[in-house]
Structures are given as C-alpha cells and as structure tokens.
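Q: Please take me through a model, feature by feature. Start with the strands.

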Amino acid sequence: MRCPTCQYNGTRVVDSRPVDDNKAIRRRRECEDCGFRFTTFEKVEEMPLIVVKKDGSREEFSHEKVLRGVIRACEKRPVSLDVLEAVVFSIEKDLRRIGNSEVKSENVGEMVMDHLAAIDEVAYVRFASVYRQFKDINVFIDELKDLLKRNPEDKQ
C-alpha cells in the first residue's frame with residue numbers, strides 16, 4: 001500500500017478490526033518511511049445484481065429502495081426498523097445465493113411479500129395492493145383469502 005503523503009510503497013498494519021456487520025475490515029496503517037498513519041477499508045467486491053423490470057428495463061438492485069418499500073408498508077405498524085433491515089438483507093442474500101446476475105422484479109416483489117406475510121399481515125396487504133395493482137375489490141378479497149390459507153392457525 002502506498003503512503004498518501006510521501007508515496008513510499010511500504011506500510012505496516014497497526015490495527016485491524018471488522019466493520020459493517022463483518023462485511024469489511026478497517027485497517028490502521030503506518031508508513032515505514034515517514035511514519036504517517038492512515039486508515040484503509042477492505043471488503044469483498046460483489047458482482048452487481050441487476051433487476052429486470054416488467055417493461056424490460058434493467059437497474060441495479062437497490063437495498064435502500066426495497067427498504068423504503070417495506071418501511072412504507074409497515075407505517076404505523078409495530079415492526080421495528082431492525083426487523084425490516086434484516087428482511088431486506090435476507091432477500092438480497094437469497095438473490096445473490098441463487099447465482100444469477102439478473103433477477104426479475106416479480107421475484108423480488110414475491111420475496112418481499114413472503115417476508116411481510118410472516119411479519120405483519122396488514123403490511124403484507126398494503127404492499128400487495130400496490131405491488132399487484134388490485135383492479136377491484138374482488139382481487140383484493142382473493143388476496144385476503146390466500147393470506148388466510150397461508151396462516152389458518154392464526155385466525156382461529
């Protein structure tokens with residue numbers, strides 16, 4: 001590693017510690033020539049995950065965009081931000097585990113709905129109503145019936 005002040009090509013690591021939920025390593029380094037100390041970060045370079053939208057356009061998977069969607073669905077519901085962040089992390093991890101560099105937006109939406117159904121049924125219905133673009137009350141009722149079939153023991 002090259003020193004940022006004197007450009008000497010020799011540094012030693014003084015301290016290392018994991019950061020960002022063990023996804024990166026923070027290293028304190030010291031130049032062997034001038035003694036200047038600086039910090040570097042090391043993390044795995046991940047391949048971009050591309051979402052193919054319904055209209056055929058493509059965009060990079062956005063953790064923040066999915067998180068905003070589930071936060072919106074869970075507004076005024078007793079669901080913590082930590083739980084929602086864990087949901088989005090789990091979805092992204094599952095998508096990367098599949099191994100495809102491209103994933104359909106429908107798959108992402110279905111994964112979000114599966115997680116929300118397990119966490120909060122009201123949030124699930126809110127998300128599904130926007131995601132599936134319910135055209136009339138009958139489609140909405142059908143979705144509620146499907147939800148009741150998923151969790152029959154909760155409704156007794």
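**Strands and their partners**

A: Take one bridge to begin: Arg26 has Phe41 as its bridge partner in strand 3. Strands (E, at least two residues) and helices (H or I, at least four) are DSSP runs, numbered from the N terminus. This is a predicted model, in which local features need pLDDT of at least 70 and side-chain atom pairs count only at pLDDT 80 or more, while totals for chains, interfaces and linings use all residues. Residues are numbered from 1 along each chain as its sequence is written, and side-chain values use heavy atoms, with hydrogens and water left out.

Q: How many bridges join strand 2 to strand 3?
A: Seven, and the two strands run antiparallel. Strands count as paired if DSSP finds at least two bridges between them. Five residues lie between strand 2 and strand 3 in their hairpin. One of these features is worth finding in the viewer: Gly35 in this hairpin has a positive phi near 85°.

Q: How many bridges join strand 1 to strand 2?
A: Eight bridges connect strand 1 (residues 11-19) with strand 2 (residues 24-31), again in the antiparallel sense. Trace the partners in strand 2. Arg12 is matched with Glu30, Asp15 with Arg28, and Val19 with Ala24. Strand 1 and strand 2 form a hairpin too, with four residues between them. In its turn, Asp20 has a positive phi of about 55°.

Q: What is the strand order of the sheet with antiparallel pairing?
A: The order is 1-2-3, in an open sheet of three strands. Strand 1 and strand 3 are at the edges with a single partner strand each, so one side of each has no neighbour in the sheet. From one strand to the next, the twist averages 25°. Such angles run from 0 to 180 degrees between N-to-C directions, and axes are lines fitted to C-alpha atoms, for helices over the stretch in contact.

Q: Which strand order does the sheet with mixed pairing have?
A: That open sheet of three strands reads 5-4-6. Strand 5 (58-60) and strand 6 (102-104) are its edge strands, each pairing on one side only. Neighbouring strands here are turned against each other by 35° on average, direction ignored. Strand 4 (residues 50-52) pairs with strand 5 in the antiparallel sense over three bridges. Within that pair, Val52 stands opposite Arg58 in strand 5.

**Charge pairs**

Q: How many salt bridges does the structure hold?
A: Side chains of opposite charge can pair when their charged atoms come close. A salt bridge has a side-chain nitrogen of Lys or Arg within 4 Å of a carboxyl oxygen of Asp or Glu. The structure holds eleven. One of them joins the side chains of Glu42 and Arg27, at 3.0 Å from N to O. This pair links distant parts of the chain: Glu42 belongs to strand 3 (residues 37-43) and Arg27 to strand 2, 15 residues apart.

**Helix packing**

Q: At what angle do helix 2 and helix 3 pack?
A: Two packed helices are described by the angle between their axes and the distance between the axes. For helix 2 (residues 81-98) and helix 3 (residues 105-119), the angle is about 140° and the axes are 10 Å apart. That makes helix 2 oblique to helix 3. The classes are roughly parallel under 35 degrees, roughly antiparallel over 145, roughly perpendicular from 65 to 115, and oblique for the rest. Helix 2 passes helix 3 in a right-handed crossing, meaning the near helix is turned clockwise from the far one by less than a right angle; anticlockwise is left-handed.

Q: Which residues of helix 2 and helix 3 meet?
A: Contact means heavy atoms within 4.5 Å. Helix 2 brings Val83, Val87, Ser90, Ile91, Asp94 and Leu95; helix 3 brings Val108, Met111, Val112, His115 and Ile119.

Q: Where does helix 4 cross helix 3, and at what angle?
A: Their axes come within 7 Å and cross at roughly 160°. That makes helix 3 roughly antiparallel to helix 4. This crossing is left-handed. Contact residues include Gly109, Met113 and Leu116 of helix 3, and Tyr124 and Phe127 of helix 4.

Q: At what angle does helix 1 cross helix 4?
A: Helix 1 (residues 63-73) and helix 4 (residues 121-131) cross at roughly 120°, with axes coming within 8 Å. The two are therefore oblique to each other. Gly69, Arg72 and Ala73 of helix 1 touch Ala123, Arg126 and Phe127 of helix 4.
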